[in-house]
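Please consider the following model and the questions on its packing and its surface.

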Amino acid sequence: MYLIVETGLFIFAFYRGRGLEALIALLIFVGTIFGLTEFGYDHSLFIHLSDILFMVALGVMGLFPKKEKRPRCPQCNELVDESKLSCVSCGYVFDVNKERSEKITDNGYIKTVVIKSPNEFESIKKSIIEQYGIKGYTTKAINKEDSLMLKNPDISNSYIVVKRNGYEVTIEVFNVIE
């Protein structure tokens, strides 16, 4: 009975994008069962506990799929065709030359640009680090795959944030002395 449920959960987790994690869980499960029998702990309680833990792990992997790296449309939230920079369902087109600057206060502004490829975001992050590193913004408060936050330890409440959401990059500068 457990074998049928485990196989179904394994396929479910694999289908939901957690194939590598499901394989690692399977190896740990097989290793645990082998270790229990080798060291004389082959009581049915330990074996059933291992089965249940394996099924729970696979169930969680299936219920929480991997986050998609592909961008989504800002209008209808559907996946975007990366080759055309347009939404398949509603037809929204990302204008590569679009750039808007919005002044929010005297101390800061937000600029949004559309990039041609996700790799272009890394070059934007590098240029922001170089440009503002000269001005003392060396503390990387956040440095993730899709966001960067630089702070100046000498100026309180001053920061630069760069965030990527699909093909749109938002640069927020606040309380930066030029």
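Patches are made of residues with over 30% relative accessible area (Shrake-Rupley method, 1.4 Å probe, only the protein chains shown counting as cover for residues) and no salt bridge (a side-chain nitrogen of Lys or Arg within 4 Å of a carboxyl oxygen of Asp or Glu); like charges are joined within 9 Å, nonpolar side chains (Val, Leu, Ile, Met, Phe, Trp, Tyr) within 5 Å. This is a predicted model, in which local features need pLDDT of at least 70, side-chain atom pairs count only at pLDDT 80 or more, and totals for chains, interfaces and linings use all residues. Residues are numbered from 1 along each chain as its sequence is written, and side-chain values use heavy atoms, with hydrogens and water left out.

Q: Which helix supplies the largest share of the nonpolar patch?
A: The patch on the surface consists of Tyr-2, Phe-12, Ile-52, Val-56, Val-60, Leu-63 and Phe-64, with about 640 Å² of accessible area together. Helices (DSSP runs of H or I, at least four residues, numbered from the N terminus) H1 (2-15) and H3 each supply at least two of its residues. The largest share, four residues, comes from H3.

Q: How is H2 oriented relative to H3?
A: H2 (residues 19-38) and H3 (residues 44-63) have axes (lines fitted to C-alpha atoms over the stretch in contact) 10 Å apart and pack at about 175°. Angles run from 0 to 180 degrees between N-to-C directions, and those over 145 count as roughly antiparallel. H2 is therefore roughly antiparallel to H3.

How values were computed: Parallel < 35°, antiparallel > 145°, perpendicular 65-115°, else oblique.
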